[in-house]
Amino acid sequence: MSDTLKALLDAALSPEAAPQDIAAAPLPETMRAAVVRKDEIGMFEGVPSADKDPRKSLHVDEVPIPPLGPNEVLIAPMASALNFNTVWTSIFEPLPTFGFLERFAKESELGARHDLPYHIVGSDASGVVVRVGPGVTRWKPGDRVTVHCNYVDMEGPEGHDDSMIDPRQRIWAFETNFGGMAELAMVKANQLMPMPTHLTWEEAACLSLTLATSYRMIVSPNAGAMKQGEVVLVWGATGGLGGFAVQLVRNGGGIPVAVVSSQEKVDLLHSLGIEHVIDRSAEGYQFWRDGKQDPKEWKRFGGKIRELVGEDPDMVFEHPGRQTFGASVFVAKKGGRIITCASTSGYMHEYDNRYLWMNLKRIVSSHFANYKEAWEANRLVNLGMIHPILTKTYALDDVAEAAWAIHTNQHTGKLGVLVNATAEGQGVQDADKRAMHAGEIAKWKQLS
Ligand code: NAP
C-alpha cells in the first residue's frame with residue numbers, strides 16, 4: 001500500500017475526520033488490483049473447462065485510478081469476496097468479459113472509460129467512501145458501506161418497475177470494469193448500502209451478490225414469493241447462493257429441503273438446524289446416463305424428498321442447470337415453480353415438458369436483484385436475522401487460489417478477500433450488537 005493511500009484510509013476511517021477533510025486527502029496515482037488481461041484471452045484455447053486454471057489468468061497488477069463521473073462514488077474496499085462470476089471471467093467462459101466492456105464503450109463517453117486492456121474483478125465489496133462525484137447527495141466521504149452489483153442508471157423508462165429489466169442493466173465488475181478487488185473501486189451511488197454495524201469488513205463483503213440473488217429468487221414477488229409453510233428444494237445448500245437460501249426459507253416460515261454432496265455437509269446443515277438434507281453423492285443419482293436423462297432416477301429423487309417431508313416441493317431453487325434441471329421440473333409439486341438463476345453444469349437444459357404443462361408448473365427466471373431487493377436483504381442482515389456464511393478469507397495476492405477453490409468445488413459458503421483491511425476481524429462498529437449475534441455468526445462460519 002502506498003503512503004498516499006495509507007494517509008487517505010487513515011482520514012476516511014477516522015471518526016473525527018469531516019467529509020471535506022477526507023475529500024481533500026490526495027488520491028494515489030496508481031493502485032493494486034486483481035485483473036485479467038485482454039492479451040491473455042486465448043491462453044486456454046483447447047483446454048477443457050474443468051482444467052482452465054484461474055491461477056494462470058488472474059493477476060494483481062498496478063493500474064491507474066479510474067476517473068469519477070456524475071452520480072459515481074469512489075470507495076476504498078476494505079474487503080471483497082469471490083463469486084462464481086470471477087471464475088467465469090478468469091477462464092474466459094462462456095465468453096471473454098472484454099466483449100461486455102467493448103459494448104459498454106460504444107454506449108457513451110463514460111462507458112468508454114471501462115474498455116481497457118485489463119478487467120478489474122470483484123462484484124462484492126465492503127469499504128469506505130473516499131470521493132463522491134457530481135450529483136451524489138445521499139452518501140459522503142467516510143460512510144461505511146457495502147456494495148451491491150446491480151449497475152444501472154435508469155435513464156430510460158423500461159426499468160422503473162424493476163431495474164433488473166432495464167436494457168442497460170449490467171452486473172458491476174462482470175459487465176463493467178473497476179470492481180471491488182482493488183485498492184480503490186468505482187461504483188454508482190445507487191449501488192451503496194449501509195454496512196451492517198455488527199460485522200467485520202470481510203463478513204460484510206461476502207453478502208450482497210449471492211444473498212440478494214437468493215432473496216429475489218425466494219422472497220421477492222418478482223420471482224419466488226414464498227409463502228409460510230412452503231417446501232423449497234435448495235440445490236447446493238452450503239454454497240454461496242444455497243447457504244443464504246436455506247436461511248431465507250427458514251426465516252420466512254418455509255421448509256427447506258437441502259441437497260449437498262457429502263456427509264460432512266449434511267452434518268453441518270443438521271447442526272445449523274436444517275432438518276431435511278439429501279446427500280446427492282451418497283444417493284448416487286444418475287439423472288443423465290449415456291447422454292440421456294433417466295426418469296427413473298428423477299422418481300427416485302422425488303421419492304426421497306417425499307420420504308423426508310411427506311410432500312413435493314412448492315418451489316425448486318435451481319442453479320446447477322443441465323445436470324439437475326430435468327429432475328427439478330419433475331419433482332416440483334403440481335402447480336409448483338422452478339426458480340432458475342444459473343446453469344453451472346451447462347446452459348442447454350432438457351426436461352420433459354409433459355410434466356410441466358400437465359401439472360401446471362412454472363419455470364421462473366431470476367437474475368441478481370434490484371436495489372430495493374438488495375437493500376431489504378441487507379436490512380435483514382443488519383437486524384441479525386440472516387447471517388454471513390464466510391468460511392475462509394484470502395489476501396488480495398492469493399485471490400487466484402480462491403478462484404481455483406471455487407472452480408473445483410473445494411469450498412463451502414463464501415470466500416472473502418482482504419483488500420485494504422490489514423487483518424481479519426476489523427471494521428465492527430457496534431460491539432454490543434456483535435456480542436448479541438456472535439453465537440449465530442459463529443455457527444454459520446462452521447460451514448467451513
Ligand atoms: P457455489 O458456491 O459454487 O455453490 C454451488 C453449489 O451447487 C456447489 O457447492 C455444489 O454443492 C452445487 N452443485 C454444483 N454443481 C452441481 C451439479 N452438477 N449438480 C448438483 N449440484 C451441484 O456457487 P454459487 O455462488 O452458489 O453460484 C452457483 C451458480 O449461480 C453459479 O453458476 C453462479 O455463476 C450463479 N449465480 C448467478 C447469479 C445471478 O444473478 N444470475 C447470482 C449468483 C450466482 P454440492 O456439491 O454440495 O451439491
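**Figure 1. Residues around the ligand.** In this predicted model, 26 residues surround the ligand, and those that come nearest are Ser-261, Arg-280, Thr-344, Phe-368 and His-411. Follow the side chain of Thr-344 first: one of its polar atoms sits 2.8 Å from an oxygen atom of the ligand. Asn-409 also places a polar side-chain atom by a ligand oxygen, at 3.0 Å. Trp-88 joins in with a polar side-chain atom 3.1 Å from an oxygen atom of the ligand.

**Figure 2. Helix α4 crossing helix α16.** Here you can follow α4 (residues 84–91) as it passes α16 (residues 399–407), with axes that come within 9 Å and cross at roughly 100°. Angles of 65 to 115 degrees count as roughly perpendicular, so that is how α4 lies relative to α16. On the α4 side, look for Phe-84, Val-87 and Ile-91; on the α16 side, their partners are Ala-403, Ile-406 and His-407. Sorted by class, this contact has 5 nonpolar residues, 1 polar residue and no charged ones.

**Figure 3. Phe-44 and its neighbours.** Phe-44 belongs to the loop that links β1 (30–37) and α3 (54–57). Is this residue buried or exposed? Its relative accessible area is 6%, and under 20% counts as buried, so Phe-44 is buried. Leaving aside residues up to four places away in sequence, Phe-44 touches Lys-52, Asp-53, Lys-56 and Ser-57, and also Ser-90, Ile-91 and Phe-92. One of these partners, Lys-56, is 12 residues from Phe-44 along the chain, with 9.4 Å between the two C-alpha atoms. Ile-91 may be familiar from the previous view, as a residue of α4 that takes part in the contact with α16.

**Figure 4. The loop between α4 and α5.** Two backbone features are worth a look here. Phe-92 is found in the loop between α4 and α5, and its phi is near 60°, a positive value in a residue other than glycine. Phe-92 counts as buried, because its relative accessibility is 7%. Pro-94 lies in the loop between α4 and α5 (98–107) as well, and the peptide bond joining Glu-93 to Pro-94 is cis, with omega about -10°. Why do such features catch the eye? Most residues other than glycine have a negative phi, and most peptide bonds are trans.

**Figure 5. Met-154 in its loop.** This view shows another backbone with positive phi: that of Met-154, a residue other than glycine, is near 65°. You will find Met-154 in the loop between β7 (150–151) and β8 (170–171).

**Figure 6. Helix α8 packing on helix α15.** The axes of α8 (residues 208–218) and α15 (residues 371–382) are 9 Å apart, and the helices pack at an angle of about 110°. The two helices are therefore roughly perpendicular to each other. From α8, the residues in contact are Leu-211, Ala-212, Tyr-215 and Arg-216. They meet Glu-373, Ala-374, Glu-376, Ala-377, Leu-380 and Val-381 in α15. Of the residues in this contact, 7 are nonpolar, 3 are charged and none is polar.

**Figure 7. Ser-2 ahead of helix α1.** Ser-2 lies in the segment that comes before α1 (3–13), and its relative accessibility of 32% makes it partly exposed. A polar atom of the Ser-2 side chain lies 3.1 Å from the backbone nitrogen of Leu-5. To place Ser-2 against a residue 112 positions away along the chain, compare His-114: the C-alpha atoms of the pair are separated by 24 Å.

Notes. Residues numbered from 1 in each chain as written. Predicted model: local features only at pLDDT ≥ 70, side-chain atom pairs only at ≥ 80, totals over all residues. Heavy atoms only, no water. Axes fitted to C-alpha atoms, helices over the stretch in contact; angles between N-to-C directions. Helix = DSSP H or I, 4+ residues; strand = E, 2+ residues; numbered from the N terminus. Parallel < 35°, antiparallel > 145°, perpendicular 65-115°, else oblique. Contact = heavy atoms within 4.5 Å. Nonpolar A, V, L, I, M, F, W, Y, C, P; charged D, E, K, R; others polar. Buried < 20%, exposed > 50% of the residue type's maximum accessible area, 1.4 Å probe, protein only. Near = heavy atom within 4 Å. Polar contact = N/O pair within 3.5 Å; in protein donor to acceptor, adjacent residues only side chain to side chain.
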